Amino acid sequence: SVTDIFGGKSRTYQRKLDDLYAEALKRVEERAAKLGADAVVGLKMDFGEVSGKEKSMFMVSAVGTAVKLRK
């Protein structure tokens with residue numbers, strides 16, 4: 001696209017990353033809840049893209065520590 005050549009933001013690309021981030025966050029929250037955690041600390045997300053043969057795939061890895069808070 002034009003943004004690939006001249007730089008700038010691609011709204012489509014940004015929308016996909018936002019959706020991917022939301023889905024990863026949802027899965028982290030669900031996994032933490034299954035473990036009985038109250039929160040997740042130290043959350044780190046890495047994003048990547050694999051492209052080839054006119055197709056591309058986004059990837060995300062999310063790592064954090066599930067914690068149980070004291071009352």
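Hi everyone, let me begin at one residue, E54: with 86% relative accessibility, E54 counts as exposed. E54 sits in the loop between β1 and β2, and its phi is near 60 degrees, a positive value in a residue that is not glycine. For those who like Ramachandran plots, most residues other than glycine have a negative phi. Before I go on, please keep in mind that this is a predicted model.

E54 has company in that loop. K53 is also found between β1 and β2, and K53 has a positive phi of about 50 degrees although it is not a glycine. How accessible is K53? Its relative accessible area is 81%, so K53 is exposed.

Now let me step back to the overall layout. The protein has two helices and two strands, and along the sequence they come in the pattern α-α-β-β. The turn I just described belongs to a hairpin: β1 and β2 form it with two residues between them. In which sense do β1 and β2 pair? They are antiparallel, and the pairing runs over 12 bridges. To pick out one of those pairs, A39 has V67 of β2 as its bridge partner.

A few whole-protein values help here. Buried residues account for 10% of the 71 residues. The protein exposes about 6,300 Å², and carbon and sulfur atoms supply 53% of that area. If you take the contacts between residues at least 6 apart in sequence, 46% of them join residues at least 24 apart.

Let me give you some examples of how separate stretches of chain come together. S61 is found in strand β2. Its relative accessible area is 36%, so S61 is partly exposed. Setting aside neighbours within four places in sequence, which residues does S61 contact? They are K44, M45 and D46. S61 also has a relation to A24: the two are 37 residues apart in sequence, and their C-alpha atoms are 7.8 Å apart in space.

K16 gives a second example. K16 is in helix α2, and at 47% relative accessibility it counts as partly exposed. The C-alpha atoms of K16 and F58 are separated by 8.3 Å, with their positions 42 residues apart along the chain.

On to the charged side chains. How many salt bridges are there? The count comes to three, and I will take them one at a time.

The first one I want to show joins R27 and E23, whose side chains meet at 2.9 Å, N to O. Why might you look for this pair along a helix? R27 and E23 are four residues apart in helix α2, which covers residues 11-34, so about one helical turn separates them. R27 counts as exposed at 55% relative accessibility, while E23 counts as partly exposed at 33%.

Next come D38 and K68, with side chains that meet in a salt bridge at 3.8 Å, N to O. This pair links distant parts of the chain, 30 residues apart: D38 lies in the loop between α2 and β1, and K68 lies in the segment after β2. For β1 the residue range is 39-52, and for β2 it is 55-67. D38 is partly exposed at 43% relative accessibility, whereas K68 is exposed with a relative accessible area of 61%.

The remaining salt bridge is between D46 and K44, where the closest N and O atoms are 3.8 Å apart. D46 counts as partly exposed, at 37% relative accessibility. You have met this pair already, since K44 and D46 are among the residues that S61 contacts.

I'd like to end on the nonpolar side of the surface. Which residues make the nonpolar patch of about 320 Å²? They are Y21, L43, F47 and V60. Of these, F47 lies in strand β1. F47 has a relative accessible area of 40%, so it counts as partly exposed. While you have the strands on screen, it may help to recall that side chains in a regular strand alternate between the two faces of the sheet.

That's my tour, thanks for listening!

How values were computed
Residues are numbered from 1 along each chain as its sequence is written. This is a predicted model: local features need pLDDT of at least 70, side-chain atom pairs count only at pLDDT 80 or more; totals for chains, interfaces and linings use all residues. Side-chain values use heavy atoms; hydrogens and water are left out. A salt bridge is a side-chain nitrogen of Lys or Arg within 4 Å of a carboxyl oxygen of Asp or Glu. Buried means under 20% relative accessible area, exposed over 50%, partly exposed in between (1.4 Å probe, protein chains only). Two strands pair if DSSP finds at least two bridges between them. Contact means heavy atoms within 4.5 Å. Accessible areas come from the Shrake-Rupley method with a 1.4 Å probe; for residues, only the protein chains shown count as cover. Patches are made of residues with over 30% relative accessible area and no salt bridge: like charges are joined within 9 Å, nonpolar side chains (Val, Leu, Ile, Met, Phe, Trp, Tyr) within 5 Å.
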